[in-house]
Amino acid sequence: MSKITITSPKHCAAKEGLKIKSNYKKLYFSLSAFFTSILLLILLIWLILHPAKPQFSLKEVDIYQLSLSGPNLNSSIQLTLLSKNPNQKVGIYYDEIQVYATYKAQQITGDTPVPPFYQGQEESNLITASLVGNILPVAPSLGYELGRDQIVGRLVLNLKANGKLRWKVGTWVSGRYRFNVNCVAMNAFGPSIPAGPLTSKQGTQCSTTI
């Protein structure tokens with residue numbers, strides 16, 4: 001006699017459920033492998049190109065006003081920076097840039113925005129900004145520091161910029177990276193203040209962090 005095996009509908013449904021789960025697992029692993037390959041390819045391109053950070057140098061600083069009125073300070077400074085992209089195959093989008101001046105670790109101007117721009121491979125751009133501080137509250141010691149620097153005959157300011165940039169490689173554009181720039185300007189600052197601005201023309205290299 002031949003053996004007859006009858007499979008219940010419940011047993012068939014269980015087998016069908018296992019097949020569906022197996023298909024979902026295959027799809028999940030396929031998608032995971034695809035996205036992992038894409039990420040590895042982007043990482044490989046990034047490591048091969050390895051974009052260098054942009055270079056900034058200070059071209060000119062003109063101080064038109066730097067005066068104390070009680071606990072407040074008024075300032076007016078004209079700044080020119082040279083920005084250079086040292087990369088041969090990577091462009092840079094500057095999405096946000098804010099420029100300001102500090103003296104003895106105190107901010108003495110407001111934040112001045114610079115319009116966004118794109119910088120091509122090995123391209124250089126001049127950035128000019130007018131930095132103004134109107135009735136900015138400062139520490140009482142700032143007046144003493146200014147008087148001492150006037151006796152010494154040298155005024156040292158820090159011109160700073162910060163913002164966000166993106167790298168462009170071919171048609172691929174990276175996410176945003178925050179950058180910070182710090183430049184040091186040294187101006188002659190004698191006992192008698194000249195009628196014109198205190199001018200400092202120099203090619204000082206600035207420090208840049210990303």
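This is a short talk about helix H2, the nonpolar core and the salt bridges in one structure.

Okay, before anything else: this is a predicted model. Let's start with H2, which runs over residues 141–152. Twelve residues, and from first C-alpha to last you get 17 Å, close to the 16 Å expected.

So which residues of H2 are buried? Leu-142, Glu-145, Leu-146, Asp-149 and Gln-150. These cover an arc of only 135° around the axis, which puts them on the same side of the helix. Flip to the other side of H2, and you find Tyr-144 and Ile-151 exposed. What does the buried side pack against? Strands E1, E2, E3, E4 and E8. And just after the helix, have a look at Gly-153, with its positive phi of about 90°.

Now the core. As a general point, nonpolar side chains in soluble globular proteins tend to be buried together. Here, the largest nonpolar core has 38 residues, and Leu-58, Ile-97 and Leu-159 have the most contacts inside it. H2 is among the elements that supply at least two residues each, along with E1, E2, E3, E7, E8 and E10. The top contributor is E8, with seven residues. If you click on Ile-97 and skip its neighbours within four places in sequence, its contacts include Phe-117, Ile-127, Ala-161 and Phe-179.

On to charges. How many salt bridges are there in the whole structure? A search finds six, and I'll walk through some of them.

Back on H2, Glu-145 pairs with Arg-148, closest N and O atoms 2.8 Å apart. Those two are three residues apart in the helix, so about one helical turn separates them. Glu-145 counts as buried at 17% relative accessibility, while Arg-148, at 38%, is partly exposed.

Asp-149 on H2 has a partner as well: Lys-104, at 3.8 Å between the closest N and O atoms. Lys-104 sits in the loop between E3 and E4, so this pair ties the loop to H2, parts that are 45 residues apart in sequence. Asp-149 is buried at 8% relative accessibility, and Lys-104 is partly exposed at 40%.

Away from the helix, look at Asp-95 and Arg-166, with closest N and O atoms 2.7 Å apart. One is in E3 and the other in E8, so the salt bridge links parts 71 residues apart in sequence. Asp-95 is buried, at 16%; Arg-166 is partly exposed, at 25%. Both also belong to a salt-bridge network with Glu-96 and Arg-176.

Technical notes. Residues numbered from 1 in each chain as written. Predicted model: local features only at pLDDT ≥ 70, side-chain atom pairs only at ≥ 80, totals over all residues. Heavy atoms only, no water. Helix = DSSP H or I, 4+ residues; strand = E, 2+ residues; numbered from the N terminus. Expected span 1.5 Å × (residues − 1). Buried < 20%, exposed > 50% of the residue type's maximum accessible area, 1.4 Å probe, protein only. Arc of directions from axis to C-beta. Contact = heavy atoms within 4.5 Å. Core = buried A, V, L, I, M, F, W, Y, C linked by side-chain atoms within 4.5 Å. Salt bridge = Lys/Arg side-chain N within 4 Å of Asp/Glu carboxyl O.
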